[in-house]
Amino acid sequence: MESHLTIDEVAKRTGLTAYTLRYYERIGLIAPIGRAPGGQRRYAASDMAWIEFLLRLRTTNMPIGKMQTFAKLRGAGDSTVPDRRQMLEEHLTEVLSKIEAMRQSANALQAKIEYYRSFEQSLASGSYSDGGHADEHRKPLRTRTRQTARDRR
């Protein structure tokens, strides 16, 4: 990688807009970026590594306020390492919980798709009639959610 990148080069590499990069700097997510003699921003490799980590946090839906807190702790130095680790552990717990919920939802979708495939096959062969209702009996989502919460305890 070049030693210093322009804001346009960073935008192209990260998928962020130049506006977003300036905004992140203004709100403290990114430390002030070094400048060329003409005043243009020049991003170092360390800036790129930090932006890539911010993108990971954003991908995991960390709220921008928490990202700012993390950035502030990072800027305060090594004494904040335990606090940063704890923040990331808590966030990871949330991420893994969401992944599990998505996995369960994906499984439910797969089961429903298989049900409809089977139903379509029985309709095509003329071997099934339920009076026009293609869905099997369902539990309300709220009941399933409570049951899932009970299972986690």
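Over the ring of which residue does the charged end of Arg 74 sit? In this predicted model, the charged end of Arg 74 lies over the ring of Trp 50, at 3.9 Å from the ring centre. Trp 50 also belongs to an aromatic cluster, which it forms together with Phe 53 and Phe 70. Across the structure, six aromatic pairs are found.

The setting for these side chains is a protein with six helices and zero strands. Read from the N terminus, its elements follow the order α-α-α-α-α-α. The protein has 153 residues, of which 24% count as buried. Its accessible surface amounts to about 11,100 Å², and carbon and sulfur atoms account for 54% of that area. When contacts between residues at least 6 apart in sequence are considered, 45% of them connect residues at least 24 apart.

Helix 4 repays a closer reading. This helix covers residues 64-76, and its 13 residues should span 18 Å at 1.5 Å a residue; the C-alpha atoms at its ends are 18 Å apart, so the expected and modelled spans agree. Which residues of helix 4 are buried? They are Met 67, Phe 70, Ala 71 and Leu 73. Viewed down the helix axis, the buried residues of helix 4 fall within an arc of 160 degrees, and therefore they line one face of the helix. The general geometry of an α-helix is relevant here: with 3.6 residues a turn, positions three or four places apart point the same way.

The buried residues of helix 4 pack against two other elements, helix 3 (45-59) and helix 5 (81-125). Phe 70, one of these buried residues, is also a member of the aromatic cluster with Trp 50 and Phe 53. On the other side of helix 4, the exposed residues are Lys 72, Gly 75 and Ala 76. After the helix comes Gly 77, which has a positive phi, near 105 degrees.

A second site lies toward the start of the chain. Thr 6 is located in the segment before helix 1 (7-14). Is Thr 6 buried, partly exposed or exposed? Its relative accessible area is 24%, and because buried means under 20% and exposed means over 50%, Thr 6 counts as partly exposed. Apart from neighbours within four places in sequence, Thr 6 is in contact with Arg 41, Arg 42 and Tyr 43. The C-alpha atom of Thr 6 is separated by 9.4 Å from that of Ala 44, a residue 38 places away along the chain.

Terms used: Residues numbered from 1 in each chain as written. Predicted model: local features only at pLDDT ≥ 70, side-chain atom pairs only at ≥ 80, totals over all residues. Heavy atoms only, no water. Phe/Tyr/Trp six-rings, centres within 6.5 Å; stacked < 30°, edge-to-face > 60°. Lys NZ or Arg CZ within 6 Å of the ring centre and 35° of its normal. Helix = DSSP H or I, 4+ residues; strand = E, 2+ residues; numbered from the N terminus. Buried < 20%, exposed > 50% of the residue type's maximum accessible area, 1.4 Å probe, protein only. Contact = heavy atoms within 4.5 Å. Expected span 1.5 Å × (residues − 1). Arc of directions from axis to C-beta. Areas by Shrake-Rupley, 256 points an atom, 1.4 Å probe, with all protein chains shown as cover.
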